[in-house]
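Colleague: I would like to go through this model one feature at a time. Could you give the general idea first and then the case at hand?

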Amino acid sequence: VVGQVTTLPLEGEDGPLASLGQVGVASDHAGAWYVSTKDSLLHVSAAGGVRRVAALPASDEFYTAAASPDGGAVFVADSSGNKIRRVEVATGAV
């Protein structure tokens with residue numbers, strides 16, 4: 001396997017993401033990352049900027065995430081609610 005590892009500081013509007021605990025992570029073809037927590041879906045740009053895409057229903061467990069092939073949506077698995085939620089990246093609609 002050949003690749004490059006980069007560490008980003010991931011400073012968001014509310015401080016560093018390291019304080020979030022367990023998270024789910026997905027990437028898109030544009031080099032962006034999506035981080036799902038127990039109540040939010042966050043977008044992390046290739047430069048390390050963080051913004052909240054959507055609020056998610058509060059969960060006892062963190063959500064896992066997968067980006068759609070076109071990058072227009074992120075699917076988050078809510079294992080405590082037994083649902084898969086589609087989040088529209090442009091609008092934040094869940």
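Colleague: Which residues does Glu 88 touch, if residues up to four places away in sequence are not counted?

Modeller: Contact means heavy atoms within 4.5 Å. By that criterion Glu 88 touches Val 53, Gly 72, Ala 73 and Ala 93. Val 53 is 35 residues from Glu 88 in sequence, and their C-alpha atoms are 8.5 Å apart in space.

Colleague: What should I keep in mind about the source?

Modeller: This is a predicted model, in which local features need pLDDT of at least 70 and side-chain atom pairs count only at pLDDT 80 or more, while totals for chains, interfaces and linings use all residues. Residues are numbered from 1 along each chain as its sequence is written, and side-chain values use heavy atoms, with hydrogens and water left out.

Colleague: What is the mean pLDDT of the protein?

Modeller: pLDDT is the predictor's confidence in each residue, from 0 to 100. The mean here is 81, and 77% of the residues reach 70 or more. Among the elements, strand β2 (residues 15-16) has the lowest mean, 54, and β9 has the highest, 93.

Colleague: How many helices and how many strands are there?

Modeller: Both are DSSP runs numbered from the N terminus: H or I over at least four residues for helices, E over at least two for strands. The protein has zero helices and nine strands. Glu 88, where we began, lies in strand β9.

Colleague: Is Glu 88 buried, partly exposed or exposed?

Modeller: Buried means under 20% relative accessible area, exposed means over 50%, and partly exposed is in between, with a 1.4 Å probe and protein chains only. Glu 88 is partly exposed because its relative accessible area is 28%. Of the 94 residues of the protein, 35% count as buried.

Colleague: In what order do the strands of the sheet with β9 run?

Modeller: Two strands pair if DSSP finds at least two bridges between them. The open sheet has three strands in the order β7-β8-β9, with antiparallel pairing. β7 (64-67) and β9 (83-88) are its edge strands, each pairing on one side only. β7 and β8 (residues 73-78) are joined antiparallel by four bridges, and Thr 64 stands opposite Ala 77 in β8.

Colleague: Where is Asn 82 found?

Modeller: Asn 82 sits in the loop between β8 and β9. Most residues other than glycine have a negative phi. Asn 82 has a positive phi, near 55°. Asn 82 counts as exposed because its relative accessibility is 70%.

Colleague: Which strands form the four-stranded sheet?

Modeller: The order is β3-β4-β5-β6, an open sheet with antiparallel pairing. The edges are β3 and β6, each of which pairs on one side only. The twist averages 25° from one strand to the next, where axes are lines fitted to C-alpha atoms (for helices over the stretch in contact) and angles run from 0 to 180 degrees between N-to-C directions.

Colleague: What do the hairpins look like?

Modeller: β3 and β4 form one with five residues between them, and Gly 31 in the turn has a positive phi of about 95°. Four bridges join β3 to β4 (residues 33-36); Ser 27 stands opposite Trp 33, and Val 25 has Val 35 as its bridge partner. The hairpin of β5 and β6 also has five residues between the strands, with Gly 48 at a positive phi near 100°. β5 (residues 40-44) and β6 pair over five bridges, and Val 44 stands opposite Val 50.

Colleague: Which side chains of β3 are buried?

Modeller: The side chains alternate along β3 (residues 24-27): Gly 24 and Ala 26 point to one face and are buried, while Val 25 and Ser 27 point to the other and are not.

Colleague: Which residues make up the largest nonpolar core?

Modeller: In soluble globular proteins, nonpolar side chains tend to be buried together. A nonpolar core is a set of buried Ala, Val, Leu, Ile, Met, Phe, Trp, Tyr and Cys residues joined through side-chain atoms within 4.5 Å. The largest one has twelve residues: Ala 26, Tyr 34, Leu 41, Val 53, Ala 54, Leu 56, Tyr 63, Ala 65, Val 74, Val 76, Val 87 and Val 89. β6 (50-55) and β8 each supply at least two of them. Beyond its neighbours within four places in sequence, Tyr 34 is in contact with several residues, including Ala 26, Leu 41, Val 53, Val 74 and Val 89.
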